[in-house]
Amino acid sequence: MRDVAIIGVGETKIGELWDRSLRELGIEAGLKAIQDAGVRGEDVERMYIGNMSAGKLIDQEHVAPLIADYAGLSHIPSTRIESGGASGGMALSEAYKAVASGMNDIVVVGGAEKMTDVGEDEAKKILSSTADQEWETVFGATFESLYAMMARYHMDKYGTTREQLAQVAVKNHSNAAKNPNAQFPRETNKDFVMKAPVVSDPLGMFDCAPLSDGGAAVVLCPVERVDEFEGEPVEIVSMGEGGDTMAVHEREEIGTLKATQRAAEMAYERAGLKPEEIDFAEVHDNFTITEIMAIEDLGFFEKGEGGKATEEGKTELNSEISINTSGGLKAKGRPVGAVGINQAIEAVHQLRGDAGQRQVEDAEYGLTHNMGGTGASAVVHIFGRWS
Amino acid sequence: MAIARFWREIKQRYKGIGVKCGNCGEIFFPPRDICPECRRESYKKMDEYELNGTGEVITYTRVEDPHPEFEDLCPYVMAIVEMDEGVRLTGHIVDVDYDDIEAGLEVEASMRKLGEDGPEGMIYYGYKFWPIDSRRGE
């Protein structure tokens, strides 16, 4: 296995981008990443695209060759990777394997989702189809309700409070206010979050990530060749992937993200690192409760202590561990298939030291956590500052 | 949902029929073709097993932004219920005051209408749950 680096990154602004198509979003992100890397089109050997549901959202399957074609790279193989909300992170892990194995050298891995070409109800229904359609949603469960039941369970078992959930949203909005690419670059407060309309008790509108359009891309290169290109490298130190039951009700413990635990254990072991050595993490906060469970299951806090740690400010920018410095899915936005790549891009900015006002001081290692559906798939990457 | 896709699971959704692993004895619902523990040793040995229909609430929520097909019922209560046999199901809880629900509430399953494909389309049936206490008064 070879060591692998990211040498270029690019992303679009995230939001309700009515005037942009999926292919435009993919191309903008890809071209920015290639330019940042200092590679030429001829250098690119392979493409992977993370995308959850172009078939349903824009009635177009086979989107990877479409994006490659319009990027002027119709001659290279390109494949779409789908793993629900973890599509982007899983596309990155496939690309990482391709480069680490020696199969390919320069690989572009992108993620893109166009969610606003269908109505909001339709988009939510499509998102819900990442849960078990035959044994959860057919009985009336929404995506939000499944996470709400995890939240209720976590509150009953560990004493997590409504205020602690709200604090996740407040923190992530505060970080997004420092991120020009965020969908909601503005602060909010606990009172406002808690007074928002209920979606599925105890989760309100401000506990849920938005539906977004966006594209993101990174360029991978074997460490042995990084000197050939201008892009400032960041090393992918390790990767881990995990799985769990499809339906929430079949989980060993409803308040624990087992796939996340498994992915994290694998990533830490391969990296030879412990959770306390990680300086910052982008975690899959599709709901406020998910961030609380994730920071426990990634090993940053004891099980059941995630809410308390958040309330005590331990996850704020430049505190014990900076969580979701980008604003996270909650406030930077959720273009589903791109999310895993957006997270990797934030890690690169932090480790290059060019994250501006949201810079984590002396960041050496960063982690990204991307999750599919209600947690049946998860992928963790650990990134390291170039040395 | 396509008619055949729903029709295939009618037995399970109407009557709560799961399976029991012929190898280790573990009960599963919804049915699985192989036991996740015994895997190949259990193939073709998963026998039908009818759940007795009672269990207790593990966790719950009140849905105020509904699944589009359940808009008429909004707000409605969803729960994960652990059946006496140890398997867990996701379903509605009806005839209950939301404030009276807590983990441990004893419930009973019954077959009810879930939805329909418009006024002339197929009607979907499946299990929903009632608090056992509220049934005693009937």
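Student: In the hairpin of β11(A) and β12(A), which residue takes a positive phi?
Tutor: That residue is A:G373, with a positive phi near 60°. The hairpin has 4 residues between its strands. Please keep in mind that this is a predicted model.

Student: How many bridges pair β11(A) with β12(A), and in which sense?
Tutor: The two strands, β11 at residues 365–372 and β12 of chain A, are antiparallel and share 8 bridges. One of the paired positions involves A:G372, whose bridge partner in β12(A) is A:S377.

Student: And which residue of β12(A) stands opposite A:G240?
Tutor: A:V380 is the residue across from A:G240. Strand β8 of chain A, residues 234–243, runs antiparallel to β12(A), and 8 bridges join them.

Student: Is β12(A) buried or exposed, then?
Tutor: Strand β12 of chain A, residues 377–384, has 8 of its 8 residues buried, so the rest of the structure largely encloses it.

Student: Which of its residues point which way?
Tutor: A:S377, A:V379, A:H381 and A:F383 point to one side of β12(A). A:A378, A:V380, A:I382 and A:G384 point the other way, and both sets are buried.

Student: Changing topic: what are the domains of chain A?
Tutor: The domain assignment gives domain 1 as 4–119 + 211–234 and domain 2 as 127–208 + 237–384. Their C-alpha centres lie 23 Å apart. The contact between them takes 37 residues from domain 1 of chain A and 34 residues from domain 2.

Student: Which elements of domain 1 touch domain 2?
Tutor: Those that give two or more residues are β1 (4–11), α4 (87–100), β4 (107–113) and β7 (214–222) of chain A. Of the elements, α4(A) gives the most, with 8 residues.

Student: How do the residues on that side of domain 1 divide into nonpolar, polar and charged?
Tutor: On the side of domain 1 of chain A that touches domain 2, 17 are nonpolar, 15 polar and 5 charged.

Student: Now chain B: how many residues of each chain are in contact?
Tutor: The contact involves 28 residues of chain A and 26 residues of chain B. On the chain A side, the elements giving two or more residues are α5 (120–128), α6 (143–158) and β5 (198–200).

Student: Which one gives the most?
Tutor: That is α6(A), which gives 7 residues to the side of chain A that touches chain B.

Student: And how many residues on that side are charged?
Tutor: There are 9 charged residues on the side of chain A that touches chain B, alongside 12 nonpolar and 7 polar.

Terms used. Residues numbered from 1 in each chain as written. Chains lettered and ligands numbered in written order. Predicted model: local features only at pLDDT ≥ 70, side-chain atom pairs only at ≥ 80, totals over all residues. Contact = placed C-beta atoms within 7 Å. Nonpolar A, V, L, I, M, F, W, Y, C, P; charged D, E, K, R; others polar. Domains from an automatic or database assignment. Buried ≥ 20, exposed ≤ 12 C-beta atoms within 10 Å, placed from the backbone. Pairing = 2+ DSSP bridges.
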